[in-house]
Amino acid sequence: MKYIFLVHLISNSVMIGVILITQLITYPSFLGIDKNEFVKFHNNYVRNISFVAVPAMTLELLTLVYMNMNINNLILMKSLLILIVIWLVTFIVIVPIHNNLSKRLEIEKIVSLIRYNWIRTVLWISKIFIIIYIFYEEF
């Protein structure tokens with residue numbers, strides 16, 4: 001189980017790196033891209049970031065579900081709820097905004113993307129503190 005915890009901790013850490021770079025650098029840079037180049041730039045970004053984010057998010061979810069099935073810990077369960085909220089925000093809010101931006105530059109959509117993404121940023125960072133706490137309590 002310790003190995004699963006470590007894999008989970010690493011995948012959570014990767015996602016914190018991804019979300020911080022996305023939140024603080026990438027999304028704000030969308031505002032400075034030439035409107036004639038934006039759709040191409042955006043679509044390249046989405047395709048390329050998916051090679052990192054999708055495997056890390058999937059691994060993070062699978063390891064956390066596995067841990068919750070094998071460890072009876074209310075705090076660990078709360079960590080899973082946080083991750084579920086992150087996934088819901090991702091697929092209900094963030095992905096539809098990206099789908100709109102894949103067709104045309106809309107400044108208000110980029111501003112919304114930046115604002116809504118703070119939810120995921122704060123949740124992912126909060127979640128790792130919970131995981132680190134549980135890791136030290138369990139092992």
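The following dialogue examines why certain descriptive terms apply to this predicted model.

Trainee: Why is Ser79 called buried?

Mentor: Buried means under 20% relative accessible area. Ser79 has a relative accessible area of 0%, and therefore it is buried. Ser79 is placed in helix α3.

Trainee: Which residues does Ser79 touch, not counting those up to four places away in sequence?

Mentor: With that exclusion, Ser79 touches Leu64, Lys127, Ile130 and Ile131. Contact here means heavy atoms within 4.5 Å.

Trainee: What makes the pair of Phe30 and Tyr45 edge-to-face?

Mentor: The structure holds eight aromatic pairs. In the pair of Phe30 and Tyr45, the centres are 5.5 Å apart and the planes stand at 80°. Rings pair if their centres lie within 6.5 Å, and planes over 60 degrees apart count as edge-to-face, so both conditions are met. The pair links distant parts of the chain, with Phe30 in helix α1 and Tyr45 in helix α2, 15 residues apart.

Trainee: How do you know whether Phe30 and Tyr45 are buried or exposed?

Mentor: The cut-off for buried is under 20% relative accessible area. Phe30 has 0% relative accessibility and therefore counts as buried. Tyr45 has a relative accessible area of 14%, so Tyr45 is buried as well.

Trainee: Why is the pair of Trp87 and Phe91 called tilted?

Mentor: The distance is 5.5 Å centre to centre, with 40° between the planes. Planes under 30 degrees apart count as stacked and those over 60 as edge-to-face; 40° meets neither condition, so the pair is tilted. Trp87 and Phe91 both lie in helix α3, four residues apart, which is about one turn of the helix.

Trainee: What is the general reason that residues three or four places apart in an α-helix point the same way?

Mentor: An α-helix has 3.6 residues a turn, so residues at that spacing point the same way.

Trainee: Why are Trp87 and Phe91 called partly exposed?

Mentor: Partly exposed lies between the limits of 20% and 50%. Trp87, at 22% relative accessibility, therefore counts as partly exposed. Phe91, at 47%, also counts as partly exposed.

Trainee: How does the reach of helix α2 compare with the expected span?

Mentor: Helix α2, residues 38–70, has 33 residues. The helix reaches 46 Å from its first C-alpha to its last, close to the 48 Å expected at 1.5 Å a residue. There is nevertheless a kink of about 45° in α2, centred on Ser50.

Trainee: What covers the buried residues of α2?

Mentor: The covering elements include α1, α3 and α4. Among the buried residues of α2 are Phe38, His42 and Tyr45.

Notes:
Residues numbered from 1 in each chain as written. Predicted model: local features only at pLDDT ≥ 70, side-chain atom pairs only at ≥ 80, totals over all residues. Heavy atoms only, no water. Helix = DSSP H or I, 4+ residues; strand = E, 2+ residues; numbered from the N terminus. Expected span 1.5 Å × (residues − 1). Bend = angle between axes of the 7 residues up to and from the residue. Buried < 20%, exposed > 50% of the residue type's maximum accessible area, 1.4 Å probe, protein only. Phe/Tyr/Trp six-rings, centres within 6.5 Å; stacked < 30°, edge-to-face > 60°.
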